[in-house]
Amino acid sequence: MVVELSTSCGRYRRPIRYDVRMEVRILGRVEVTNDGATIQIEGPKERAILSALALEAGTPVTSGRLCDVLWGDEPPETATKTLQWHVSRLRRSIGTDIVVTEPGGYSLGVSPEDVDAIRFERLLVHARDLLLRDDPAAAAQDLETALELWSGAPLTDGAASGYRTGQDRRFAELHTLAHERLVEAELGLGHHESMIPRLHAMIAVEPYRDRPRELLMLALYRAGRQADALRSYADYRKLLVEELGIDPSEGVRELEERILRQDPQLDHRPPPPPSNLPRERDPIIGRSGDVGAVIDAIGPHTIVTLVGAGGMGKSRLALAVAHQTQPTFRDGTFWIDLAALRPHDNLAEHIAATLGATPAPGQPAISALAVFLARRDILIVLDNCEHLLSEAAELGAILVEAGSGVRVLATSRAALGQPSERRMVVGPLSTDRTEGAPSEAEELFRLRASEHSSLGMSDDEGTDIAELCRMLGGIPLAIEIAAARSDVHTAREIIDEIEATGRLPSRTETPEHVRQENLDYVLDWSYSMLEPEEQVAYDKLAVFRGAFDLDAAAEVLDRERSSAGHLLGRFLAASMVVPADPGSGVRRFRLLEPLRLYARSHLDDEAYVATSTRHADYYRNFCSESSVYVKEDVTGWRGRILLDDRNITAAIEWSLTNGGPGFALPFADNIGDAWYRSGQYQRCFRVLSEMLEHAGDAPPALRASARNAIVWPALLSGESQTAFAHVSKAIEEAEEAGDAVQLAWARWSLAHMLVLGVGDFASAFPLYDAAIEAAGSDLEQFGSLTGLGVAARAQARAMADIEAPDDVESLDRAERLLTQINDMSGLAHVWMARSIRAIREGDVRRIRFTSERTIHFGRLVSEPVYEHIGLFGRAVGELLGANLPSALDTTYQSVRICEATQNLLQLGVSLQALAVVAVEVGQMREGATLYEAGTSLAAPWPMFERIFAPYFEKCADELGDDFDVARKRGAELTVDEAMALAASIRIRPEEGSVQDSST
């Protein structure tokens, strides 16, 4: 277990950790051992408390539950205080920090594995699983270990209560079950005669128990005593009928029938086939699908080679496959590690000695192998073949030709190259979490860290561990090496070290037997297989931060496309490069992060600068030229830009650090558009701000374009003053450059920002009209602007509560135009405008229809701003339709989108609607507070001031003077405080609502 104390200085707390090996024994006398020294626990009630806490080790137990343990249904009036006194006495015996005070109770700060009863139960379950997997030897070992934990009847010296009685019965049953399973395991090992007296003794203790009778009948039958087995059944049946009036169970009756017909399935099976497989240290992590795929391949293919970069876990996967397939190979499964062999060693002799195929005097080992394998059904695992490729390939072919039942499973960093070979690539462990659960890579890290450190992993380290595993590329060896350092370093410290040094952690040992466990060593071998020219090219790929395609590789390597393709093929064959998104139909490649850092370590400063410059130039040109294609496929090209996000980000960083003024600005337009529309507002605002700070005397048109890209991320992130400053500068710079396109977009943005940011409708409408007029009929350059201008103007009129029937026709015209130019984002805006118009008119049916269409288009183009307004519209429709549960749930959905994207402007709109729901469900004070918090983030729309007025008039009447107090509090809330208040809105049961709207 681990004890954690804290020293404090001011408001800072520093944890102090140290190891204490403490074990709790309750299977007999209740006692504690501390580093081998026994601590006697004085007092039966203290022992009872310790037992109850130990059985729930690490989990809080309430005070009420402990009172039940001590006194049952008749606790004294001072039970709680008396319990505290007994806990205090227990702490004096075993240490003040072992019994931990929890909210409402206590817990025992020991690992479940340090409690003999828990360890016993786990061994019992594991033994059952081993018996189901037909491994009686391992099961018997577990069961003997489990039974050795018992020193007497459990809990005998604790306080008497119903709790103790129940636990006595439970453990007595488990103890009996352990003995029965041990006999079952011994029978599985063929020890029939020796188990018969033991079973008679068990039956004498519990004559009415079925399982010992079954086992006795089976032992007698397998010992050749069929008549005695049948007599045993007859005696048991007579006993049950005469004394209890019942027949034996169906299982016992079925066994008698099988004995009568001498069912062959009752015969003892011979011991498992011979094997020298190393024992599996623990269950394989994250490879269950891979194990099945390899097993399926072994049947039809005589040679299966697991190929992958060093440290991928090929040997571990092969071992798992060999263990699972062991029963299917009648003549054995053999593991042959070639790592220690050298090219001059006789590989055939080594394999023959392992298999026991002893050559006759003067007979070549290869001939002895051929004779030995001729009629055998056998699996031979050749591990670590890469340094003996030609020898292993040649011998592997000979082995499988010796007999039709011979199969070879090889592991190597390169394929053997045999015609009959099935090559299967072993990739890294997944670093992606599923529904919040730790990834495969994280599971491995935590498992290995627990072996090296008794400090354990805190919950706060989860994010850092996930980041570290991604940094290590999911490579098992890299993860294990990093985990081995967790006894001294936190995951964050390891990350910081990698970022500071540009190198991965490695083992410090250098002896030959350790080299296979050193990542640099295994990567050196693969690297050495490349020609010098190929090594130089490989090192240059280190500038890629994510997946890349052939065109990008050719540009960075400064080679013709065909030459770059040839090199990538070589790197793939050597497992130094892996396919990205295999099966997607798109040819993209990547270097796992450990391999990228390894390659980077070979680049000198001059080569790194030159290669990084080519990388940045390629992606800068890609982003600036992509605008040509955006007109044809907005969503597709936006997705293409996001696909290269990591490389583009690296290119931007390089350009900002190493380029001249304005060098990074060509990235701004399209990367800003992609980040903004995908909901990355604050990131977009931060990076584009840095670009503009370094703009210098860049061309005004380029600066105007960048400013147009930053204004909306700034506004939605709550930086309204900055947003207005940028849009004003964009207008000036566009006018200076004579750029009609950027000027029209800036005027449109200013109009819409005036509406959404400050509610200045009067100033906005002329700007809308000017932008639409400037666009004219030039669809190629202004089609999207015209459609958006019309849609936004109609939206603004509805928000301003202006009756504008002609907007219906205008929106229809905008929809036709945007459909013509395939602008799905523009269509989302059209439907958003229609939804807001429907809300203004109070048409619940049309609100629902238009909101669903807005949600549909928002999700189609992956733009959360539109999905949010669609959900918001749906929520208002449900509110107006008096469906409060649905209104509350949908409003929460819209709030969560704003929270995820940190969209403060639209969060304000959602909080205003949620405030009305709060008023309707009777949470008046919360409603008034929330509404004011929402209006501080987003100016209230006149339309909603009219629609929501009756609700808040009712709220004001209900609260009286408290109404203004609640509103004042709302204006002072932080965003986090407003979110916490929003989460408290619930519908009372009498109103027919679900109870937890936050799910």
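**Notes on the model: two aromatic pairs, a helix crossing and a loop leucine**

1. Let's start with two rings worth finding on screen: F872 is buried, and W941 is buried too. Bear in mind throughout that this is a predicted model. The two side chains form an edge-to-face aromatic pair, with 6.3 Å from centre to centre and 75° between the planes. F872 sits in helix α40 (residues 864–880), while W941 is in the loop between α43 (924–937) and α44 (942–959), so the pair ties together parts that lie 69 residues apart in sequence.

2. How many aromatic pairs does the structure hold? The count is 19. Another one to look at is Y538 with F571: the ring centres are 5.2 Å apart and the planes stand at 70°, so this pair is edge-to-face, given that angles over 60 degrees count as such. Here, too, distant parts of the chain are linked, with Y538 in helix α22 (residues 532–540) and F571 in helix α24 (residues 561–573), 33 residues apart. Are these two residues buried or exposed? Both Y538 and F571 are buried.

3. Don't view that second pair in isolation. Y538 and F571 belong to one aromatic cluster together with Y527 and Y598.

4. Next, have a look at helices α13 (residues 347–355) and α14 (residues 365–373). Their axes come within 8 Å and cross at roughly 40°. That angle makes α13 oblique to α14, since under 35 degrees would have counted as roughly parallel. As for handedness, α13 passes α14 in a left-handed crossing.

5. Which residues meet where these helices touch? From α13 you have A348, E349, I351, A352 and L355, and from α14 you have A365, I366, L369, F372 and L373. Sorted by class, the contact between α13 and α14 has 9 nonpolar residues, no polar ones and 1 charged.

6. Last stop, L189. You'll find this leucine in the loop between α6 (162–188) and α7 (192–205). L189 has a relative accessible area of 34%, so it counts as partly exposed, the class between 20% and 50%. What does L189 touch once neighbours within four places in sequence are left aside? The contacts are P136, A137, A140 and H268. If you want a feel for the span of the model, the C-alpha atoms of L189 and V919 are separated by 73 Å, and these residues are 730 apart along the chain.

Conventions. Residues are numbered from 1 along each chain as its sequence is written. This is a predicted model: local features need pLDDT of at least 70, side-chain atom pairs count only at pLDDT 80 or more; totals for chains, interfaces and linings use all residues. Side-chain values use heavy atoms; hydrogens and water are left out. Axes are lines fitted to C-alpha atoms, for helices over the stretch in contact, and angles run from 0 to 180 degrees between N-to-C directions. Helices (H or I, at least four residues) and strands (E, at least two) are DSSP runs, numbered from the N terminus. Angles under 35 degrees count as roughly parallel, over 145 as roughly antiparallel, 65 to 115 as roughly perpendicular and the rest as oblique. A crossing is left-handed if the near helix is turned anticlockwise from the far one by less than a right angle, and right-handed if clockwise. Contact means heavy atoms within 4.5 Å. Ala, Val, Leu, Ile, Met, Phe, Trp, Tyr, Cys and Pro count as nonpolar, Asp, Glu, Lys and Arg as charged, and the others, Gly among them, as polar. Rings of Phe, Tyr and Trp (its six-membered ring) pair if their centres lie within 6.5 Å; planes under 30 degrees apart count as stacked, over 60 as edge-to-face and the rest as tilted. Buried means under 20% relative accessible area, exposed over 50%, partly exposed in between (1.4 Å probe, protein chains only).
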